[in-house]
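These are my notebook entries on a structure that I looked up one item at a time. I began with each chain as a whole and then turned to single residues.

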Amino acid sequence: MAIAIARSEGTEHLSREDRVQLLRYMLLMRGIEERAMTLYRQGKVPGSFYDGCGQEAISTGAAFAMGPADRLCVLHRDLAAHLVRGVTPARAFGQYMGRAGGVTAGRDGNVHFGDWRLGCVGMVSMLPDMMLVATGMAMAFKLRREQRVALTWFGDGSTSRGDSHEAMNWAGVQRLPIVFVLENNQYAYSTPLEAQFAVDPVHRAEVYGFPGISVDGNDVEAVFEATREARERALAGAGPTLIACETMRMHGHAAHDDMRYVDQAQLEEWRRRDPIERQERRLQEIGVDVGAVRAGVAEEIEAGLQEALAMPMPDPASATEGVFHEGEANVLGDGQAPWSGVS
Amino acid sequence: MSEMTYLQAISDGLRSEMRADDRVFCMGEDIGGFGGAFKVTDGFIDEFGADRVMDTPLAESGIVGTAVGAAVVGMRPVCEMQFSDFISCGFDQLVNVAGKMHYRQGLAVPITVRLPTGGGFSGGPFHSQNPEAWFMHAPGIKVVAPATAEDAKGLLISAIRDPNPVLFCEHKHLYRRVKGEVDEEPYETPMRARVAREGDDLVVITYGAMVHTALEATEDLDGASVRVLDLRSLVPLDEEAILDSVRACSKVVIVDEANEMCAAGAQVAALIAEHGFEDLDGPVVRVATPSVPIPFSPPLEQAVLPSVDRVKEACHELLAY
């Protein structure tokens with residue numbers, strides 16, 4: 001099974017409006033995270049703060065290719081996936097600040113959330129546990145003969161843990177409709193790739209019985225196109241795909257991490273490959289007013305922030321509630337799917 | 001009603017839920033054509049097909065993790081661990097993913113995990129454990145442990161219908177040793193304690209296979225009236241029934257087949273110390289397996305598992321207090 005390289009320039013499956021939306025979601029993610037970092041420094045975000053600066057193309061491009069009835073397990077550097085599915089900036093800010101109006105109402109922090117009404121399951125800190133959960137969703141879709149696909153993101157560090165093997169092996173054995181998106185951002189906390197694996201994990205797909213595709217993770221349209229094709233394969237009953245996205249974590253593991261272990265030249269090289277600037281250049285070439293897109297996003301973020309700052313903190317008396325579900329079990333609902341190809 | 005073994009009652013409960021609800025399916029190692037290591041799903045594949053009696057890869061974390069995924073999109077998976085011991089390999093998915101899901105995200109995880117537990121037949125250190133207390137300590141997971149054929153069926157049906165993760169501890173030593181009259185129709189057994197035998201001089205509080213050990217040990221204790229309280233469910237723990245028995249009997253022996261340290265019985269003892277102290281007429285006495293791995297050789301294994309004689313002796317001593 002050969003390893004294909006996805007096209008890196010444009011796609012016939014994206015309308016002009018789709019391409020603007022890809023930029024908009026990336027700008028929203030970066031803008032919300034930059035603002036949340038400030039809130040953290042002001043003491044308004046408890047705990048620590050994690051972001052996905054530099055990786056916006058991966059969650060945006062992959063989530064954008066999915067349909068409303070598809071289901072996603074979203075990781076901590078994938079805020080844009082939540083935004084694509086319909087989480088508002090206000091609820092994201094509320095989440096960071098531990099407010100009652102945050103997605104988990106203060107039960108969990110950071111991007112540890114998933115809005116079940118929007119078809120998303122939030123991650124746990126144990127990586128890559130969600131690969132198995134996504135595999136189970138795909139298993140249910142296949143059992144019920146539904147035309148639906150599961151997708152999960154995972155990182156380079158989590159390729160070392162057993163659940164990644166169990167998930168990809170299981171998905172391969174059962175030829176499940178699932179897309180595994182590897183975000184290879186060069187470092188797991190401070191651990192570089194060469195201390196994590198001896199061989200590029202994209203090659204693992206072949207031994208599990210499905211294709212592995214290397215993609216420029218800083219090219220949102222390339223990530224979209226690779227995901228779209230993987231989803232088509234899954235819908236056709238051809239089984240899983242591993243999409244290995246090469247990118248760079250431009251900030252530390254979390255707010256406290258100054259990344260002294262990263263060479264400045266490496267950072268500078270990746271800065272030149274910024275996914276947002278790249279998409280902006282593309283859109284400018286086709287006459288899009290990028291400044292207007294930026295201004296619209298800034299307004300959305302500011303309005304969301306003000307709404308979140310007005311949210312109350314959760315009631316301490318509710319801290320012991322909700323450990324168990326009562327009544328009929330709820331199930332994941334459909335999410336927003338803005339791509340014109342699925343609407 | 002018809003007479004069934006404990007094992008047949010589990011199969012019967014599972015079969016009836018699979019017939020009634022398309023969302024219910026089984027997954028585990030060697031459960032399809034082979035019918036499971038203990039034959040709980042023997043013949044199921046002929047009735048329900050390989051999709052619903054799914055042979056999985058040898059991957060316990062995979063079994064629990066994919067069950068969670070299937071559950072949150074509307075299925076009702078019933079997972080089989082070949083032996084309860086192997087749930088250690090699925091611990092993270094149960095404790096961190098399944099158990100915390102509802103509290104964090106408001107999403108129900110209706111999975112049942114069947115755990116063939118317990119020792120007594122030279123299973124050795126990796127095929128004899130009673131892991132229930134590991135999960136009692138983890139919020140968000142229910143734990144039930146039937147002692148009779150009737151409860152095995154009813155508690156399994158309750159577990160499958162419950163919208164939460166439920167561990168169903170089925171004691172291997174009871175599979176073919178215990179029989180009872182079981183209703184052929186489906187029914188739910190509440191996750192509450194039951195009085196296995198009435199009495200008011202002393203109460204033995206226990207669950208699972210030890211209910212039978214307790215009944216045998218206290219059948220004839222020089223005319224003493226000994227109650228046996230079968231907990232049936234460990235999470236939720238029926239605190240009211242425990243404290244009622246303490247009020248009625250004032251003397252308490254707690255029996256665990258599990259290792260003693262922080263076992264289910266330790267929680268029962270703590271509850272009684274906190275809320276039943278004024279009703280006691282003697283120290284709370286515990287009988288359990290000491291904190292050692294379960295040894296293989298019969299004399300070694302019998303030396304550590306709570307026996308009829310050990311329970312009898314503990315009751316005698318407490319009655320004389």
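The entries below cover the two chains, their interface and a few local features.

**Entry 1. Status of the model**

I note at the outset that this is a predicted model.

**Entry 2. Chain A as a whole**

I looked up the secondary structure of chain A and found 11 helices and eight strands. The radius of gyration of chain A is 19 Å, close to the 20 Å that the globule rule gives for 343 residues, so I record chain A as being as compact as a globular protein of that length. Along the principal axes, I read a span of about 55 × 55 × 45 Å for the C-alpha trace of chain A.

I then checked burial: 60% of the 343 residues of chain A count as buried. For contacts in chain A with a separation of 6 or more, I find that 79% come from residues 24 or more positions apart. The accessible surface of chain A is about 12,800 Å², and carbon and sulfur atoms account for 51% of that surface. Chain A carries 34 positive and 47 negative charges, and I note that the mean positions of the two sets are 2 Å apart.

**Entry 3. Chain B as a whole**

I repeated the list for chain B, which has 11 helices and 14 strands. A compact globule of 321 residues would have a radius of gyration near 20 Å, and the 19 Å of chain B agrees with this. I enter the box filled by the C-alpha atoms of chain B, along the principal axes, as roughly 60 × 40 × 40 Å.

Of the 321 residues of chain B, I find 63% classed as buried. When I took the contacts in chain B between residues at least 6 apart in sequence, 80% of them joined residues at least 24 apart. Chain B exposes about 11,500 Å², with 51% supplied by carbon and sulfur atoms. I also looked up the charges of chain B, where 26 positive and 49 negative ones have mean positions 3 Å apart.

**Entry 4. The interface**

How many residues of chain B are in contact with chain A? I find 43 residues of chain B in contact with 44 residues of chain A. The two chains bury about 3,500 Å² between them, and 62% of this lies on carbon and sulfur atoms. On the chain B side, Val73(B), Tyr103(B) and Arg104(B) supply 22% of the area that chain B buries against chain A, more than any other three residues.

**Entry 5. The loop between α7 and β11 of chain B**

I examined two residues of this loop. Leu221(B) lies between α7 (210-217) and β11 (226-230), and Ser225(B) is placed in the loop between α7 and β11 as well.

Is Leu221(B) buried or exposed? Its relative accessibility is 2%, so I count Leu221(B) as buried. Not counting residues up to four places away in sequence, I list Val226(B), Lys312(B), Cys315(B), His316(B) and Leu319(B) as touching Leu221(B). I also took one distance: the C-alpha atoms of Leu221(B) and Pro236(B) are separated by 32 Å, with these positions 15 residues apart along the chain.

Ser225(B) has 24% relative accessibility and therefore counts as partly exposed, the cut-off for buried being under 20%. Neighbours within four places aside, I find Ser225(B) in contact with Gly199(B), Asp200(B), Asp201(B) and Leu202(B). From Ser225(B) to Lys142(B), 83 residues apart along the chain, the C-alpha separation is 32 Å.

**Entry 6. Cis peptide bonds**

I looked up a cis peptide bond in each chain. In chain A, the bond from Leu127(A) to Pro128(A) is cis, with omega near 0°. I located Pro128(A) in the loop between β2 (120-122) and α5 (129-143). In chain B, the bond from Val235(B) to Pro236(B) is cis, also with omega near 0°. I located Pro236(B) in the loop between β12 (233-235) and α8 (239-249).

**Entry 7. Positive phi outside glycine**

Which value does phi of Ala105(A) take? I read it as near 55°, which is positive in a residue other than glycine. Ala105(A) lies in the loop between α4 (89-96) and β2 of chain A, and at 30% relative accessibility I count Ala105(A) as partly exposed.

Lys39(B), which is not a glycine, has a positive phi of about 70°. I found Lys39(B) in the loop between β2 (24-28) and α2 (44-48) of chain B. The relative accessible area of Lys39(B) is 29%, and I enter the residue as partly exposed.

Methods
Residues numbered from 1 in each chain as written. Chains lettered and ligands numbered in written order. Predicted model: local features only at pLDDT ≥ 70, side-chain atom pairs only at ≥ 80, totals over all residues. Heavy atoms only, no water. Helix = DSSP H or I, 4+ residues; strand = E, 2+ residues; numbered from the N terminus. Rg over C-alpha atoms; globule rule 2.2 N^0.38 Å. Buried < 20%, exposed > 50% of the residue type's maximum accessible area, 1.4 Å probe, protein only. Contact = heavy atoms within 4.5 Å. Areas by Shrake-Rupley, 256 points an atom, 1.4 Å probe, with all protein chains shown as cover. Lys, Arg positive; Asp, Glu negative; His and termini not counted. Charge placed at Lys NZ, Arg CZ, Asp CG, Glu CD. Buried area = accessible area lost by both parts, 1.4 Å probe.
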